[in-house]
Amino acid sequence: MTIEGAVWKFGDNVDTDVIIPAPYLVTADSEELGKHCMEGVDPAFSEKVGPGDIIVAGKNFGCGSSREHAPMAIKGAGISCVVAESFARIFYRNAFNMGLAIFEAPGVSEGIRTGDRISVNPHTGEITDHTNGRHFSAKAIPPFMQGLIKAGGLMPYVLKQKQEQDRA
Amino acid sequence: MPQTITEKILATHAGRESVAPGELLSVRIDFVLANDITAPIAIDLFEKSHISTVFDPERIALVPDHFVPNKDIRSAEQVQIMRRFAKKYGIKHFFELGEMGIEHVLLPEQGLTLPGDVVIGADSHTCTYGALGAFATGVGSTDVAAAMITGEIWFKVPESIRLSYVGELKKWVTGKDLILHTIGDIGVDGATYRAMEFVGEVIEALPMSDRMTMANMAIEAGAKSGIIAPDQVTLDYIEQRAKRPFECFHSDQDAVYDEEKSYDVSALEPQVAFPHLPENTRPVSEVGTIPIEQAVIGSCTNGRIEDMRMAAQVLKGRTVNKNVRLIMIPATPSIYRQAMAEGLLEIFLSAKGVISPPTCGPCLGGFMGILGPGERAVATTNRNFVGRMGHSTSEVYLANPAVAAASAILGRIASPEEL
């Protein structure tokens, strides 16, 4: 199913401290975290963002801490997916582990602007900016990560494996 | 097949002869850790899975160090979750206040993380243990929850970058300056997904504390891990501490690297990273006039006894500038006690600094020294992102303990040579 939404555009090196500042790391409630999403760069972000909106960013999105509160806050704010030039490693892993859709796509930083309406096809990786008519291509998701998504995240994946091992 | 130290550790833990970068492996974990921010989420996931035991209650550490001593009611609740879980599942290494220190300083000090280990932690600075010759990397809470069940984790074998340091370090130049200089060179995503392997005569001459500072900040270049091959310095550190057997690995001479860099550091000055990225480094002589309101000396990067001694050397007989608040944070109870025995605490107090109990505290803007609007701090910590230590218009400058102490005295970012 294609993901479609309005774009909120950010720059390079968006770190986990601005995605969800540390004072809010005393809860695991994604709705509450969502109210403070991106507060470090744009304090009014959670009021402006609409359900299904898409974050587009530059390189190294999610750098810094290992806090899963960062992808949780993004999900909690109603964001449907994040498209970036590249992702920091721990954020990338966390996003798949907890089921936040993310796509690495070269050129999006320069080619897409805040307010554009874009669609992302998770299967083909095709990204279309309906506002300016440009197309981009997301890198293929590695098969193992696809398996995680299919299982519904890391925990269901691991538990299923453990069950099979225990049976054998 | 020639292998790097990282490949050898991962191969051994996957029951393989050798592995190649890019391969996906399930590896056995020697040690797992989480803190008061990340553990509660992992615990919630673990308990929802209805598994009745953890893989090994002696190989999990729960360290409430970020917002502890509890900064507010909700932080207290986070630690209650950890305490209950530790009791219920018999987790041996839950560190209650009084024994608690900053996780990445505490665990090596207690001999819980060792050479040749695979260590994962729900904290990005877990890469610190690479200084002991371990493969250590930060993950999220979900990975820790899964690891507490299985004792294993999936990894893609990383490519390695070989970073070689030659020359002789000038006075006041430390491991902190080597790693800041390196991040300044390769950038905050210069090592993304890769293992940074630190080698060369300069590294071999570094004490464990400086090695840990370097491995600690590998994440600040985006790396999966940082690693230094174990040698006599490592073994001397480990000897009295290790609570279980361990194995030392070394890279083969003809191991394959994705990239190799060499730094002649004889002329290197202490480095200062300007806001708002650790890559914005300058030599301290080129800083210009930057007035500061706060200096923080501590953290998992620079809160060890050697860091306290270096700060004391600069602060001795001097007084902090009237515009500056100096906060000293010995990272563990034993460092605190050692600093007391050596008379360092007296020096800090005489200089009009304050001494915090062990905690991450201000490093991540938690408590114990939050910056107000527009305030500037020099800190021996690891990140200077927007709002990292407080208000979104405040600024953090990263430096070594000697520069931080000298800056506290002069009221502006300064080299100890200026005193």
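A cavity, for today's talk, is a set of grid points where a 1.4 Å probe fits but cannot get out. Keep that in mind, since I'll start with the enclosed spaces. One thing up front: what we're looking at is a predicted model.

Okay, so how many cavities of 30 Å³ or more does a search of the whole structure find? The search turns up 2. The second largest cavity has a volume of about 110 Å³. Its lining is made of 14 residues, and the ones closest to the centre are A:C63, A:G64, B:V188, B:I219 and B:G222. If you sort that lining by class, you get 8 nonpolar, 4 polar and 2 charged residues.

The largest cavity comes in at about 220 Å³. Around it sit 23 lining residues, with B:H66, B:D123, B:H125, B:L364 and B:R388 nearest the centre. In chain B, helix 4 (103-109) and helix 10 (299-302) are the elements giving two or more residues to this lining. The class count here is 8 nonpolar, 10 polar and 5 charged.

Now let me bring in the domains, as they tie in with that cavity. Chain B is assigned domain 1 (5-262) and domain 2 (271-418). Their C-alpha centres lie 24 Å apart. On the contact between them, domain 1 of chain B puts in 37 residues and domain 2 of chain B puts in 39 residues. And back to the largest cavity: each of these two domains of chain B supplies at least three residues of its lining.

Let's stay in chain B for a sheet. This one is open, has 5 strands in the order 4-3-2-5-6, and its pairing is parallel. Which strands are at the edges? Those are strand 4 (93-94) and strand 6 (135-138) of chain B, each pairing on one side only. Further in, strand 2 (residues 31-35) and strand 3 (residues 60-63) of chain B run parallel and are joined by 4 bridges. If you want to find that pairing on screen, look for B:V32, whose bridge partner in strand 3 of chain B is B:I60. There's a helix to spot here too: helix 5 (residues 141-150) of chain B lies across strand 2, strand 3 and strand 5 (118-122) of chain B. Helix 5 of chain B runs at about 130° to strand 5 of chain B.

Over to chain A, which has a sheet as well. Here 7 strands form an open sheet in the order 4-3-2-1-5-6-7, and the pairing is mixed. The edges are strand 4 and strand 7 (135-137) of chain A. From one strand to the next, the twist averages 30°.

Where do we see the mix? On one side, strand 3 (residues 81-84) and strand 4 of chain A pair in the parallel sense over 4 bridges. There, A:A84 has A:E104 as its bridge partner in strand 4 of chain A. By contrast, strand 1 (residues 3-9) and strand 5 (residues 117-120) of chain A are antiparallel, again with 4 bridges. Strand 5 of chain A also runs antiparallel to strand 6 (residues 126-129) of chain A, with 3 bridges.

A nice residue to click on is A:S119. In strand 5 of chain A, A:S119 stands opposite A:E4, and A:S119 also stands opposite A:T128 in strand 6 of chain A. The hairpin of strands 5 and 6 of chain A has 5 residues between the strands, and A:G125 takes a positive phi near 80° there.

Last stop, the open pockets. The largest pocket holds about 770 Å³ of space. It is lined by 35 residues, with A:Y92, A:P142, A:M145, B:K156 and B:Y193 closest to its centre. Which element gives the most to that lining? That's helix 5 of chain A, with 5 residues. Strand 4 (101-104) and helix 7 (143-151) of chain A, along with strand 7 (152-156) of chain B, each supply at least two residues. By class the lining has 20 nonpolar, 5 polar and 10 charged residues.

The second largest pocket has about 440 Å³ of space. Among its 21 lining residues, A:F103, A:P122, A:I141, A:Q146 and A:I149 are closest to the centre. Helix 5, strand 4 and helix 7 of chain A are the elements giving two or more residues to this lining. The class count for this pocket is 13 nonpolar, 7 polar and 1 charged.

That's the tour, thanks!

How values were computed:
Residues are numbered from 1 along each chain as its sequence is written. Chains are lettered from A and ligands numbered from 1 in the order in which they are written. This is a predicted model: local features need pLDDT of at least 70, side-chain atom pairs count only at pLDDT 80 or more; totals for chains, interfaces and linings use all residues. Side-chain values use heavy atoms; hydrogens and water are left out. On a 1 Å grid over the protein atoms alone, a cavity is a set of points where a 1.4 Å probe fits but cannot get out, and a pocket is an open set with protein on both sides within 12 Å along at least five of seven lines; lining residues have an atom within 4 Å of a point. Grid points are joined across faces, edges and corners, and a volume is the space filled by probe spheres set on the points. Ala, Val, Leu, Ile, Met, Phe, Trp, Tyr, Cys and Pro count as nonpolar, Asp, Glu, Lys and Arg as charged, and the others, Gly among them, as polar. Domain bounds come from an automatic or database domain assignment. Two strands pair if DSSP finds at least two bridges between them. Contact means heavy atoms within 4.5 Å. Axes are lines fitted to C-alpha atoms, for helices over the stretch in contact, and angles run from 0 to 180 degrees between N-to-C directions.
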